[in-house]
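This report describes a single protein chain, beginning with one residue and widening to the fold as a whole. Please keep the sequence and the structure in view while reading.

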Amino acid sequence: MAANELSPFVAWETFYVIIGSSAAALTGLQFVVVVLGAEARSIGRLALGAVGAAGIVYTAVVIRRALRQKRYVPVLEDWLWHCTFPLIAYVTLLVAALLLRRDPPRCLLVIGATALLLLFIGIHNAWDAVTYIATQQPQHREGPPDQK
């Protein structure tokens, strides 16, 4: 095959490397969350509550930065996936941590569901970022850089 016939496929190589690496990292993170969830009795509600509270603070920082930046105007989907859904997840995690001693089986289920929600949010946001970067990069002309 000639080089010009492969060029559409070669352009996607980096995209799939980034997506594959992100998926592997997020999958590994999920295993860490599962192990932490399995050890929830030894960790206690303090650590889970701290993660929930830290997530709420982090979401507030994300919202503040999104409101300040000028290069891109966030749309509804951006507000939902980068602000609203994470805030819901972290508030849910904090509430579940506070109620863990009253109803451990139900709270552990909620904590697991919250971890899964955060995983989906991470996958979506990684995909969204890669897609945005890939579609917003300027087109490069073929040939030596000194030719116009």
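H124 has a relative accessibility of 18% and therefore counts as buried, since the cut-off for that class is under 20%. The model is a predicted one, and the values that follow are computed from it. H124 belongs to helix α6, and, leaving aside residues up to four places away in sequence, H124 touches E77 and W81. With E77 there is also a polar contact, which runs from side chain to side chain at 3.1 Å.

What is the order of the elements from the N terminus on? The protein has six helices and zero strands, so that the order reads α-α-α-α-α-α. Of the 148 residues in the protein, 20% are buried. Among contacts between residues at least 6 apart in sequence, 71% join residues at least 24 apart. The protein exposes about 11,100 Å², and carbon and sulfur atoms supply 68% of this area.

Which residues make up the largest nonpolar core? This core has seven residues in all, namely L48, L93, A96, A97, L100, C107 and I111. Two or more of its residues come from each of α5 and α6, and α5 gives the largest share, which is three residues. As a general background, nonpolar side chains tend to be buried together in soluble globular proteins. Within the core, L93 touches L48 and I111, and L93 also touches V51, G52 and T114, again not counting residues up to four places away in sequence.

A nonpolar group is found on the surface as well, where L87, V91, V95, L98 and L99 make a patch of about 370 Å². One of these residues, L99, lies in the loop between α5, which spans 76-98, and α6, which spans 104-136. Is L99 buried, partly exposed or exposed? Its relative accessibility is 35%, and L99 therefore counts as partly exposed, because this class lies between the cut-offs of 20% and 50%.

The two residues whose accessibility has been discussed are set side by side below.

| Residue | Relative accessibility | Class |
|---|---|---|
| H124 | 18% | buried |
| L99 | 35% | partly exposed |

Taken together, H124 is a buried residue with a side-chain polar contact to E77, whereas L99 is partly exposed and contributes to the nonpolar surface patch.

Notes: Residues are numbered from 1 along each chain as its sequence is written. This is a predicted model: local features need pLDDT of at least 70, side-chain atom pairs count only at pLDDT 80 or more; totals for chains, interfaces and linings use all residues. Side-chain values use heavy atoms; hydrogens and water are left out. Helices (H or I, at least four residues) and strands (E, at least two) are DSSP runs, numbered from the N terminus. Buried means under 20% relative accessible area, exposed over 50%, partly exposed in between (1.4 Å probe, protein chains only). Contact means heavy atoms within 4.5 Å. Accessible areas come from the Shrake-Rupley method with a 1.4 Å probe; for residues, only the protein chains shown count as cover. Patches are made of residues with over 30% relative accessible area and no salt bridge: like charges are joined within 9 Å, nonpolar side chains (Val, Leu, Ile, Met, Phe, Trp, Tyr) within 5 Å. A salt bridge is a side-chain nitrogen of Lys or Arg within 4 Å of a carboxyl oxygen of Asp or Glu. A nonpolar core is a set of buried Ala, Val, Leu, Ile, Met, Phe, Trp, Tyr and Cys residues joined through side-chain atoms within 4.5 Å. A polar contact is a pair of N or O atoms within 3.5 Å; within protein, one must be able to donate a hydrogen and the other to accept it, and residues adjacent in sequence count only if both atoms are side-chain atoms.
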